[in-house]
Amino acid sequence: MKFATKAIHVGQGADPATGATIVPIYQTSTYTQDRVGEHRGYDYSRTINPTRVALEAQLASLESAEYASAFASGMAATAAVLNLLSAGDHAVVTDDLYGGTYRLFSKVLSRYGLEFTYVDMSDIDAVRAAIRPNTKLFWIETPTNPMLKLVDIAAVCALRVPGQIVVVDNTFATPYFQAPLALGADVVVHSTTKYIGGHSDVIGGVAITSNKALHEAIKFHQNAVGGVPGPNDAWLTMRGAKTLALRMREHAHNAQLVAEFLEGHESVKRVFYPGLASHPQHELAKRQMSGFGGMVSFVLEGPEARALDFAHRLEYFSLAESLGGVESLICHPARMTHGSIPHEDRQRRGVTDGLLRLSVGIEDANDLIDDLQRAIAATPLSTVPA
Ligand SMILES: Cc1ncc(COP(=O)(O)O)c(C=O)c1O
């Protein structure tokens with residue numbers, strides 16, 4: 001089965017109880033048992049729910065994997081994977097990563113005795129140098145958020161020794177454009193809130209693997225800690241994921257046109273998009289990804305005030321956190337998604353006060369470009385106080 005077929009068929013056979021063609025929302029917390037200890041595989045919905053089971057089968061198949069565990073958010077999925085570590089263990093982490101992941105690692109899990117080293121993982125020597133005797137996990141985000149730097153997944157996997165695992169947050173690329181497990185990773189994590197759900201109407205996360213022991217450990221923590229999605233959210237996510245292939249083709253098409261427009265504009269200082277030949281890792285992008293995704297970051301000429309003024313003048317790009325929905329969004333990472341990272345760290349990572357991040361939606365690309373053009377023209381450098 002090819003990708004688009006799996007998205008619509010895997011885990012989604014007719015309902016055995018009624019024949020319903022679409023997987024029902026099993027809005028139940030518990031299941032009536034035939035006799036004490038005799039049930040039909042379902043006992044309590046934190047542990048197992050048929051709607052969630054269908055979503056897990058669908059998402060595992062999209063990563064060509066054996067197993068998936070769905071969570072109430074991307075952060076809950078991330079936390080469950082980090083539950084695989086114990087006090088005293090160390091992880092090597094992509095330095096340019098989602099601010100909430102940084103917050104979980106640095107402000108929460110470090111209090112539980114886990115150690116983290118943040119490195120520029122696009123530099124494989126830096127990754128090698130960060131490894132310690134107690135290193136148990138490599139946390140890769142690629143493309144990174146918001147700088148859209150790439151990490152060579154296969155090269156990091158080549159450094160791994162038995163007892164260590166490589167985890168890839170594949171939220172930005174999606175399984176449609178990047179297959180981390182095929183490149184050697186052990187676990188893939190997604191915020192399904194983003195492209196997989198695809199309509200900005202549900203929060204969710206998933207951890208996917210083909211390693212049975214890792215799956216069982218993640219499943220154990222899914223049930224023990226309890227960060228599971230309700231059946232309604234599982235169902236919405238599954239519905240969104242059915243059209244992932246169609247949507248990703250449009251997102252990438254529009255993002256390429258938007259990135260090229262911005263790169264050619266005199267008011268734009270820098271554009272970050274893996275699909276541009278000017279991207280420093282364009283060759284790696286072509287090798288590792290089958291498309292370049294829908295995220296574009298850029299820096300406008302001028303002070304922060306200009307970027308902030310520009311951002312609220314757009315008509316079709318809503319000023320909002322998040323990404324990956326059919327509608328276009330713009331955000332100012334330094335003040336929004338990455339506000340929890342100390343100023344100095346942000347500057348070092350390139351998350352400067354003039355940086356803007358676009359989640360390019362699937363509207364008509366000409367309308368999006370006209371909108372950007374209008375907002376730039378309405379914010380001339382000369383009128384902005386320095
Ligand atoms: C790359 C990435 N990973 C993880 C997350 C966390 O996901 P959630 O918001 O669903 O908890 C996000 C959210 O923005 C993200 O962008």
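**Fold and packing of a predicted chain**

The protein chain has 14 helices and 12 strands, where helices (H or I, at least four residues) and strands (E, at least two) are DSSP runs numbered from the N terminus. This is a predicted model, in which local features need pLDDT of at least 70, side-chain atom pairs count only at pLDDT 80 or more, and totals for chains, interfaces and linings use all residues. Residues are numbered from 1 along each chain as its sequence is written, and side-chain values use heavy atoms, with hydrogens and water left out.

Q: What is the radius of gyration of the protein chain?
A: The radius is taken over C-alpha atoms, and the globule rule is 2.2 Å times the number of residues to the power 0.38. That rule gives 21 Å for 386 residues, so the chain is as compact as a globular protein of that length, its own radius of gyration being 21 Å.

Q: How many of the 9 residues of helix 3 are buried?
A: Buried means under 20% relative accessible area (1.4 Å probe, protein chains only). The buried residues of helix 3 include Gly74, Thr78 and Leu82. Helix 3 (residues 74-82) is largely enclosed by the rest of the structure, because the number buried is 7.

Q: Which helix gives the most to the largest nonpolar core?
A: A nonpolar core is a set of buried Ala, Val, Leu, Ile, Met, Phe, Trp, Tyr and Cys residues joined through side-chain atoms within 4.5 Å. Of the 82 residues in the largest one, Leu262, Val296, Phe298, Phe310 and Leu358 touch the most other members. With 9 residues, the greatest contribution to this core comes from helix 10 (residues 244-263).

Technical notes
Buried < 20%, exposed > 50% of the residue type's maximum accessible area, 1.4 Å probe, protein only.
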